[in-house]
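Dear colleague,

I am passing on the structure we spoke about, with the sequence and the coordinates placed just below. After that come my notes on what turned up when I went through the contacts.

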Amino acid sequence: MYDRRAFLGAGVAGAVFAALGPRLAFAKAETDKRFVFIIQRGAADGLGIVAPVGDPAFAGARGDLALDFASAPKLDALFALHPAMARVQALYGAKQALFAHAVASPYRDRSHFDGQNVLESGGTGAYQLKDGWMNRLLGVLPPTEAKAIAVSATVPLALRGARDVSSYAPSNLPQASDDLLQRVSMLYAGDSQLHALWSEAMGTRALTGDLAAGGGANAAATGALAARLMAPANGARIAMIETGGWDTHTGQRGRLSTQLKGLDAMIGALQSGLGPLWADTMVLVATEFGRTVAVNGTGGTDHGTASSAMLLGGAVRGGRVLADWPGLAPTALFEGRDLRPTLQLDAFIGGAVAGHFGVEPAKAMAALFPSSKGTAVVAGLV
Amino acid sequence: MIKAAIALNRFGLGARGDQPPPPDPVNWLIQQLTAFDPRPDSIANAPTSATVAAGLADYFRQQRAMRMELARRAPTPAAAPMAAMTVPLQPPGTPGIAAAKPEKPARDDAMKQARQFAQRTNRADYAGAVAARATNALVTDTPFVERLVYFWANHFAVSADKLTVIGLAGTLEFEAIRPHVLGTFRDMLLAVEQHPAMLLYLDQAVSVGPGSPLGQRIAARGNRKVGLNENLAREILELHTLGVRTGYTQADVTEFARAMTGWTVAGIGQGPGARAAGTDGMPGDFVFAAALHEPGDRTIMGKLYPAGGVEQARAVLQDVSIAPATATHVMTKLARHFAGDTPPPALVARLQKAFLESGGDLPTVYRALIASPEVWVERPLKFKTPWEWTISSMRALNLKTADGQAMVGLLNQLGQPTWKPGQPIGYDDIAASWAGPDAVLRRVEAAERFASRAATIDARALAPKVLPGSVSPATQTALANCESPAQALALLLVAPEFLRR
């Protein structure tokens with residue numbers, strides 16, 4: 001039920017073991033690895049996504065929000081997945097989905113914007129670091145793999161930093177003529193900021209061809225678009241997708257269900273779009289913090305602390321829920337209201353990324369989460 | 001950039017192609033502080049919160065009637081399955097207005113049609129407000145003050161995501177920001193927090209004091225689904241006034257949320273408090289519903305606020321509106337808007353002092369801003385946002401009217417849908433948020449479309465008018481070498497000096 005073995009393995013023994021493991025041999029080699037980070041902006045309710053239905057305090061604390069889980073299939077003796085996530089449930093059955101629970105970044109306040117800053121920058125406090133952990137990840141990968149794209153018009157903080165990153169989202173504007181594009185290239189040659197942006201834009205434009213006409217406003221189309229950008233041999237190896245709408249202060253039951261349907265469709269579209277590459281793919285889904293255990297006065301939940309995170313893909317050693325479960329009894333809660341964090345999101349992401357790309361865990365932690373670099377990663381995720 | 005170009009572009013909304021540059025740039029800015037019209041024609045003709053709210057009230061009434069009629073006709077309705085429609089999970093800034101709330105089961109076509117009609121009506125009101133804002137931006141003689149209006153509207157952001165906010169979003173700017181842009185920060189804050197768009201957007205209208213008369217009645221019936229919603233109280237402290245991490249605690253947020261209970265909207269609220277709110281006033285009016293208010297004294301950040309109905313939260317707002325932390329937070333943002341993404345500390349300190357010494361008098365602050373050398377630096381300090389770039393392009397091309405739907409579509413494509421930042425923190429005001437590879441490509445695409453409709457304008461002659469003394473030799477050469485007037489115009493609109501201010 002609780003994967004405590006992986007936890008204990010994350011100590012000194014785990015780090016040494018991983019360092020000596022066979023993956024080290026591939027650390028500098030080219031691989032077909034793909035990595036996608038889907039950020040849930042707005043504080044997604046981990047308790048409403050991977051619900052601890054076996055916790056005796058769950059049904060009482062959650063009231064109407066617990067009703068959706070009456071018929072939900074169980075993940076193990078303690079947890080059940082929200083029934084809107086049928087494709088992810090199937091991935092779990094195929095041991096390609098892993099959930100982490102009671103997980104939190106080092107941030108302990110309740111501001112979305114500071115929380116997202118910590119989640120994306122990889123610092124221990126807001127505005128401590130100017131660049132993002134995904135950009136720093138590019139620095140520890142072989143050059144052939146260090147290609148990243150934001151599936152949005154601009155580059156989110158997690159991908160910002162010293163290394164060039166592309167961005168792309170479908171546009172409904174008519175495409176500009178090639179002659180104008182060439183003149184713009186010449187005009188920007190003397191402007192370092194615009195020159196770098198423009199080179200990225202032109203590179204991505206060549207890759208997507210006629211895709212721009214496709215629209216892509218909804219979740220499945222965004223997932224399919226990300227897959228299209230990542231599938232070619234010269235495409236991006238690392239991508240980030242932003243999702244919003246998780247700040248469910250009111251009417252959470254219906255809203256969260258709709259959100260999760262969208263997320264499930266997005267993941268399904270990524271899987272089918274990547275085809276055989278799915279076997280070498282890891283998708284991380286994470287949010288800035290969780291929501292209150294109790295339902296508020298308006299059928300929703302307010303800003304909280306720990307939440308849940310997901311790893312999906314053929315590269316994941318899934319079919320498990322990783323949780324050192326703190327319990328939902330009133331005395332067990334963080335500050336008397338929130339799910340208590342028992343797993344560090346940094347160590348979880350560090351372990352996932354290090355394992356996936358065959359980077360030495362200590363090196364990955366130092367690059368991605370420099371303030372937590374002494375912390376051992378969660379081992380055995382891949 | 002020379003001073004005239006700075007006044008026109010960094011302070012204003014871009015030069016109009018048919019107007020000469022101001023001979024005295026500093027005086028041109030100062031005189032706008034008295035010449036500004038809070039209610040010019042285009043804004044006066046735009047939808048008001050009263051008309052939008054009246055439409056919403058009709059819709060809710062109709063829905064209630066239909067629901068009762070349905071219940072009467074079908075006494076044992078089978079539990080309908082969730083409608084199969086998927087509302088897309090949208091990344092922030094994607095086109096289209098998503099229904100933030102999921103659809104109820106489509107039990108009856110009439111109800112569905114009514115909802116679709118309400119959505120269409122509210123989207124039309126939204127587009128009408130965008131058209132009013134844009135048209136005014138194109139013809140205004142006080143572009144500096146208009147820029148300040150946009151600044152404050154983004155500081156007090158609502159997002160046109162849910163049905164009740166779509167049509168009201170623009171009215172917050174017209175009714176709560178414009179009348180106070182040359183007043184005090186306190187008056188603007190009070191107007192914003194009493195505006196229906198804000199009360200609905202941040203859920204204040206559904207917050208009920210657990211110890212209020214209504215809260216107690218519902219609790220006595222065993223219904224647990226009523227109580228506090230701390231959303232607006234938190235964002236007032238974090239985003240509107242003091243700023244994050246300035247010393248207030250979770251307990252202060254909760255206490256403030258209790259003080260705010262009762263602040264609601266007549267006629268268009270939902271949930272158990274709606275009836276308590278709807279007894280007074282026209283739909284959309286701010287009302288204080290004593291039946292929802294948590295009784296008792298409150299202690300917020302160490303200060304006692306005695307029980308006093310609507311005045312209790314008003315006293316808190318009054319105090320935070322002139323707090324030093326508020327001055328730091330808000331003046332840092334204002335400095336960032338004019339002096340660059342990392343504003344010089346000396347400028348921030350000067351604005352803070354002006355703010356605190358004047359009790360938050362905004363014209364005093366603006367005069368201190370204009371008098372600061374840091375905002376007259378010659379190199380460009382800011383990358384234009386999509387709105388700024390679009391308006392400055394259209395002004396350069398002498399356009400005098402804007403079509404609502406076209407503007408909505410264009411701003412969606414450029415990544416900054418108007419009044420729809422998706423988050424209560426509003427849009428970012430730093431280059432990293434707007435200078436993306438794809439974002440620049442889209443401006444090039446839009447510039448070509450703009451230029452194709454204004455091909456009689458000679459870009460070589462226009463460039464020195466809109467960027468007086470500030471066109472680089474590289475841009476001059478590139479414009480001269482273009483194959484057509486339209487191509488040269490498009491190139492001017494995406495030239496490095498036109499993308500920045």
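**Salt bridges and interfaces**

The place to begin is chain B, where the side chains of Arg147(B) and Glu388(B) come together in a salt bridge, with 2.7 Å from N to O. Please keep in mind throughout that this is a predicted model. The side of domain 1 of chain B that touches domain 3 of chain B receives two or more residues from each of helix H5 (109-139), helix H6 (143-155) and helix H8 (169-177) of chain B. The largest share of that side comes from H5(B), which gives eleven residues.

For orientation, the domain assignment of chain B lists domain 1 (43-79 + 93-197), domain 2 (203-339 + 342-381) and domain 3 (386-499). The C-alpha centres of domain 1 of chain B and domain 3 of chain B are separated by 28 Å, and 31 residues of domain 1 of chain B are in contact with 27 residues of domain 3 of chain B. The size of an interface is often given as the accessible area lost when the parts come together. For domain 1 of chain B and domain 3 of chain B, the buried area is about 2,400 Å², with 59% of it on carbon and sulfur atoms. The count between these two domains of chain B is one salt bridge, and nine residue pairs are in polar contact across their interface, both residues being at pLDDT 80 or more.

Turning to the interface of the two chains, 67 residues of chain B are in contact with 69 residues of chain A. The area buried between chain B and chain A is about 5,600 Å², and carbon and sulfur atoms give 59% of it. Across this interface there are three salt bridges, together with 15 residue pairs in polar contact, again with both residues at pLDDT 80 or more. On the side of chain B that touches chain A, at least two residues are supplied by each of several helices of chain B, among them helix H12 (231-240), helix H20 (404-414), H22 and helix H25 (485-493). The largest share of that side, eleven residues, comes from H22(B).

Arg245(B) forms a salt bridge with Asp114(A), and the closest N and O atoms of this pair are 2.5 Å apart. There is also a network of salt bridges that links Arg110(A), Glu335(A), Arg337(A) and Asp338(A) with Glu230(B) and Arg234(B).

H22(B) holds a salt bridge of its own, formed by Arg442(B) and Asp438(B), whose closest N and O atoms are 3.0 Å apart. Both residues lie in this helix, residues 437-452 of chain B, and they are four residues apart, which is about one turn of the helix. Is this pair buried or exposed? Arg442(B) counts as buried because its relative accessibility is 5%, and Asp438(B) counts as buried as well, because its relative accessibility is 4%.

Two further pairs link parts of a chain that are well separated in sequence. In chain B, Lys162(B) forms a salt bridge with Asp203(B), the closest N and O atoms being 2.9 Å apart. Lys162(B) lies in the loop between H6 and helix H7 (163-166) of chain B, whereas Asp203(B) lies in the loop between helix H10 (196-201) and helix H11 (213-220) of chain B, so this salt bridge ties together parts that are 41 residues apart in sequence. Lys162(B) and Asp203(B) are both buried.

In chain A, the side chains of Arg291(A) and Asp247(A) meet in a salt bridge at 3.0 Å, N to O. Arg291(A) is in the loop between strand E8 (281-287) and strand E9 (307-312) of chain A, and Asp247(A) is in the loop between strand E7 (238-243) and helix H11 (252-274) of chain A, so that distant parts of the chain, 44 residues apart, are linked. Arg291(A) counts as buried at 0% relative accessibility, and Asp247(A), with a relative accessible area of 19%, is buried too, the cut-off being under 20%.

As for chain A overall, there are 13 helices and eleven strands, and buried residues make up 63% of its 382 residues. Over all chains, the count comes to 36 salt bridges.

With best wishes

How values were computed
Residues numbered from 1 in each chain as written. Chains lettered and ligands numbered in written order. Predicted model: local features only at pLDDT ≥ 70, side-chain atom pairs only at ≥ 80, totals over all residues. Heavy atoms only, no water. Buried < 20%, exposed > 50% of the residue type's maximum accessible area, 1.4 Å probe, protein only. Domains from an automatic or database assignment. Contact = heavy atoms within 4.5 Å. Buried area = accessible area lost by both parts, 1.4 Å probe. Salt bridge = Lys/Arg side-chain N within 4 Å of Asp/Glu carboxyl O. Polar contact = N/O pair within 3.5 Å; in protein donor to acceptor, adjacent residues only side chain to side chain.
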